[in-house]
Amino acid sequence: MTVAKPSLLTLDEFLNLPETKPASEYIDGEIIQKPMPKTRHSRLQAKLITGVNEVAEASQIAYAFPELRCTFGGRSIVPDVALLRWEHIYFDDNGEPVDDMLVAPDWTIEILSPDQSSNRVTGNILHCLKYGCQLGWLIDPSDRSILVFQPQQQPELLRGTDDLLVLPELELKLKVSQVFAWLKMGS
C-alpha cells in the first residue's frame with residue numbers, strides 16, 4: 001500500500017497566510033508553531049533586548065528586535081531575539097524600518113521552552129549561521145546554561161561565571177550567571 005504525503009506549502013504560500021499567535025515558522029516545507037512563551041522566557045527576552053538596545057541603539061550600532069520574522073535561505077523563522085547591525089536595517093522614506101526582514105540576523109538568540117525541541121531550535125540557529133549570522137545563543141533556563149554558536153566553530157557550552165560572547169562592536173559585558181539572575185524578581 002502506498003501512502004501519499006500531504007502536499008507541502010511553498011514559502012510564498014506560507015508568507016501569504018495570516019500570522020498566528022504565537023508565531024509559526026516555515027522550515028523545510030512544514031509550518032511549525034512556536035510554543036507560547038511563559039514568564040521566565042518573556043523576562044529573559046525583555047532583559048536581553050533592553051540590555052542590548054541600551055548600549056547599541058543611540059550610537060546606531062545595532063538593534064535587538066523581539067520575535068522578528070526573518071525570511072531567508074528558503075525558511076521563515078522568528079527568533080526570540082533578532083539583533084541586526086544598523087547597516088542591515090532597511091528604512092523607508094520616513095526613516096522607519098521596513099516590515100519585511102529578508103536577511104539572517106547578525107545575532108540570533110533563542111530561549112528554550114520546556115515543550116520545545118532543542119534540535120529544531122538549534123537547527124534554526126545553524127541555518128542563520130549558514131546565511132551570514134555571526135553569533136547565536138541557545139539559552140536553557142532549566143539547565144542554567146547558554147550554548148554559543150559562531151560560524152565555522154564548535155559550539156561552546158557556558159555556565160555560571162563564564163563570560164558570554166557578544167558582537168565585538170557592542171560594549172556589553174555579561175556572564176551567564178548575570179543573565180539567569182534576571183529571573184529573580186521576588187525578595
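**Exercise 1: Salt bridges**

Find how many salt bridges this predicted model holds, and describe the one between Arg75 and Asp28.

*Solution.* Start with the total: the count comes to eight salt bridges. Now pick out Arg75, which forms a salt bridge with Asp28, with the closest N and O atoms 3.7 Å apart. Next, place the two partners on the chain. Arg75 belongs to strand E5 (residues 75–77), while Asp28 sits in the loop between strand E1 (24–27) and strand E2 (30–33). The two are 47 residues apart, and the pair links distant parts of the chain. Finally, check the surroundings of each partner. Arg75 has a relative accessibility of 13%, under the 20% limit, so Arg75 counts as buried. Asp28 has a relative accessible area of 57%, over 50%, so Asp28 is exposed.

**Exercise 2: A salt bridge and its network**

Work out where the partners Asp80 and Lys34 lie, whether each is buried or exposed, and which residues share a network with them.

*Solution.* Begin with the contact: the side chains of Asp80 and Lys34 meet in a salt bridge at 3.0 Å, N to O. Asp80 is found in the loop between E5 and strand E6 (81–85), and Lys34 in the loop between E2 and helix H2 (39–56), so this pair ties together parts that are 46 residues apart in sequence. Then look at accessibility. Asp80 counts as buried at 2%, and Lys34 counts as buried at 8%.

For another pair, turn to Asp163 and Lys175, whose side chains meet in a salt bridge of 2.7 Å, N to O. Both residues lie in the loop between strand E10 (156–159) and helix H4 (176–181), twelve residues apart. Asp163 counts as exposed, at 54%, whereas Lys175 counts as partly exposed, at 29%. To finish, look for shared partners: salt bridges join Lys34, Asp80 and Glu110 into one network.

**Exercise 3: Two cysteines**

Decide how many disulfides there are, using Cys128 and Cys133 as your test case.

*Solution.* Take Cys128 and look for the nearest cysteine sulfur: that of Cys133, 5.1 Å away. A disulfide needs the two sulfur atoms within 2.5 Å, and Cys128 is in no disulfide. Going the other way gives Cys128 as the nearest for Cys133, which is in no disulfide either. The count for the structure is zero. As a last step, compare with accessibility: Cys128 is buried at 1%, and Cys133 is buried at 0%.

**Exercise 4: An aromatic pair**

Classify the ring pair formed by Trp86 and Phe91.

*Solution.* A search of the whole structure finds five aromatic pairs. For the pair of Trp86 and Phe91, the ring centres are 5.9 Å apart and the planes meet at 35°. Planes under 30 degrees apart would count as stacked and over 60 as edge-to-face, so this pair is tilted. Now add the surroundings: Trp86 counts as buried at 19%, and Phe91 is partly exposed at 36%.

**Exercise 5: Ile139 and the nonpolar core**

Locate Ile139, list some of its contacts, and say which core it belongs to.

*Solution.* First, the place: Ile139 lies in strand E8 (residues 135–140). At 0% relative accessibility, Ile139 counts as buried. Leaving out residues up to four places away in sequence, Ile139 touches several residues, including Leu44, Leu48, Ile111, Ile146 and Phe180. Then widen the view: the largest nonpolar core has 29 residues, and Ile139 is among those with the most contacts inside it, as are Trp107, Trp137, Ile146, Leu164 and Leu170. Elements giving two or more residues to this core include strand E3 (62–66), strand E7 (107–111), E8 and H4. H2 gives the most, with five residues. Apart from this core lies another, of 21 residues, among them Phe65, Leu112, Val121 and Cys128.

**Exercise 6: A hairpin**

How do strand E9 and E10 pair, and what lies between them?

*Solution.* Strand E9 (residues 145–149) pairs with E10 in the antiparallel sense, over four bridges. To see this in the model, find Ser145, which stands opposite Arg159 in E10. Then follow the chain from one strand to the other: E9 and E10 form a hairpin with six residues between them. In the turn, Gln152 has a positive phi of about 55°.

Terms used. Residues numbered from 1 in each chain as written. Predicted model: local features only at pLDDT ≥ 70, side-chain atom pairs only at ≥ 80, totals over all residues. Heavy atoms only, no water. Buried < 20%, exposed > 50% of the residue type's maximum accessible area, 1.4 Å probe, protein only. Phe/Tyr/Trp six-rings, centres within 6.5 Å; stacked < 30°, edge-to-face > 60°. Contact = heavy atoms within 4.5 Å. Salt bridge = Lys/Arg side-chain N within 4 Å of Asp/Glu carboxyl O. Pairing = 2+ DSSP bridges. Core = buried A, V, L, I, M, F, W, Y, C linked by side-chain atoms within 4.5 Å.
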